[in-house]
Amino acid sequence: MSAMTDERGFNSRPRTVRDLEDMPDDGNRYELIDGELLVSPAPQTDHQEIVAELLGRLRAARPRGMTVLAAPLAVQLSDKTELQPDLLAAPTAAFARKNLPEPPSLAVEVISPSSVMNDLNRKKRIYERYGVPNYWVIDPIERSLVAFELDGNGQYQIVAKVAGDEPFEATEPFPIRFAVAELLGPFA
């Protein structure tokens, strides 16, 4: 994941959500954090396996009135911040036709070597700032998951750290139980 730069290597002007509509359909993921354009390459197979498997499990566990979707789907938090978490869950009524115009109940990022710093730092701060109650970060290489929940002061606290076959059990945004190793399927 990198920031878009101009021909001199400097970040170009602050971008808006409207600018994202002009991005090429080239297999990259384009996101904005406070007007800075982030470009992510296409994910690897283990990443996609985790997303697909967890999507199925989250959908099976979701209560009525809750929708679970995978990227690409824009979460538009402001006119200069739009992210596409690998997976998200939100009340069905919150979705617009083209995006989710408010914070989801859950954002999940599956990290890769190119995204680890953004997922664990910048995106985490943005999700925290905009009040995303639950943020999970999954590392396919370490086969681990870290779950963050907002506390009463609006700050993320780590509520779980699991790896391999160790079960992760969440109660929010709805009950679900799995182990990261189970999500890797043939890539375990």
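This section describes the helices, strands and aromatic contacts of a predicted model.

The protein chain contains four helices and 14 strands. Of its 188 residues, 47% are buried. Among the contacts in the chain with a separation of 6 or more, 52% are accounted for by residues 24 or more positions apart.

An open sheet of six strands was found, with the order 4-7-9-10-11-12 and mixed pairing. Its edge strands are strand 4 (66-70) and strand 12 (156-163), each of which pairs on one side only. On average, and with direction ignored, neighbouring strands of this sheet are turned by 15° against each other. Strand 4 pairs with strand 7 (residues 87-91) in the antiparallel sense, over five bridges, and Ala70 stands opposite Leu87 of strand 7. By contrast, the pairing of strand 9 with strand 10 is parallel, and it also runs over five bridges. Here Leu106 stands opposite Asn134, a residue of strand 10.

Strand 10 is mostly covered, six of its six residues being buried. Asn134, Trp136 and Ile138 point one way from this strand, whereas Tyr135, Val137 and Asp139 point the other way, and all are buried.

Two helices lie across strands of the sheet. Helix 2 (residues 45-61) lies across strand 4, strand 7, strand 9 (106-110) and strand 10, and runs at about 170° to strand 4. Helix 3 lies across strand 9, strand 10, strand 11 (144-150) and strand 12, and its direction is at about 165° to strand 10. Strand 9 and strand 10 are thus crossed by helix 2 and by helix 3.

Helix 3 comprises 14 residues, 116-129, and reaches 19 Å from its first C-alpha to its last, close to the 20 Å expected at 1.5 Å a residue. A kink of about 35° is present in this helix, centred on Lys123. Lys123 is buried, as are Asn118, Asp119, Ile126, Tyr127 and Glu128 of helix 3. An α-helix has 3.6 residues a turn, so residues three or four places apart point the same way. Just after helix 3, Gly131 takes a positive phi of about 80°.

A search of the whole structure yielded seven aromatic pairs. In one of them, the rings of Tyr127 and Tyr135 have their centres 4.9 Å apart; because their planes stand at 55°, the pair is tilted. Tyr127 has a relative accessible area of 1% and is therefore buried, and Tyr135, at 0% relative accessibility, also counts as buried. A second tilted pair is formed by Trp136 and Phe178, whose ring centres are 6.1 Å apart and whose planes are at 50°. Because Trp136 lies in strand 10 (residues 134-139) and Phe178 in strand 14 (residues 176-179), this pair ties together parts that are 42 residues apart in sequence. Both Trp136 and Phe178 are buried. In addition, Tyr127, Tyr135, Phe148 and Tyr156 form one aromatic cluster.

Strand 14 also takes part in a hairpin with strand 13, with five residues between the two strands. The two strands run antiparallel and are joined by four bridges; within this pairing, the bridge partner of Ala170 is Ile176 in strand 14. Strand 13 (residues 167-170) has a covered face, made up of Phe168 and Ala170, and an uncovered one, made up of Pro167 and Glu169.

Contacts were also found between helix 2 and strand 14. Arg57 is placed in helix 2 and counts as partly exposed, because its relative accessibility is 26%. When residues up to four places away in sequence are not counted, Arg57 touches Ile176, Phe178, Glu182 and Leu183. Arg57 and Ile176 are 119 residues apart in sequence, yet their C-alpha atoms are 8.0 Å apart in space. Two residues described above recur in this set of contacts: Ile176, the bridge partner of Ala170, and Phe178, which pairs with Trp136.

How values were computed:
Residues are numbered from 1 along each chain as its sequence is written. This is a predicted model: local features need pLDDT of at least 70, side-chain atom pairs count only at pLDDT 80 or more; totals for chains, interfaces and linings use all residues. Side-chain values use heavy atoms; hydrogens and water are left out. The expected span of a helix is 1.5 Å times one less than its number of residues. The bend at a residue is the angle between axes fitted to the seven residues ending there and the seven starting there. Buried means under 20% relative accessible area, exposed over 50%, partly exposed in between (1.4 Å probe, protein chains only). Rings of Phe, Tyr and Trp (its six-membered ring) pair if their centres lie within 6.5 Å; planes under 30 degrees apart count as stacked, over 60 as edge-to-face and the rest as tilted. Two strands pair if DSSP finds at least two bridges between them. Axes are lines fitted to C-alpha atoms, for helices over the stretch in contact, and angles run from 0 to 180 degrees between N-to-C directions. Contact means heavy atoms within 4.5 Å.
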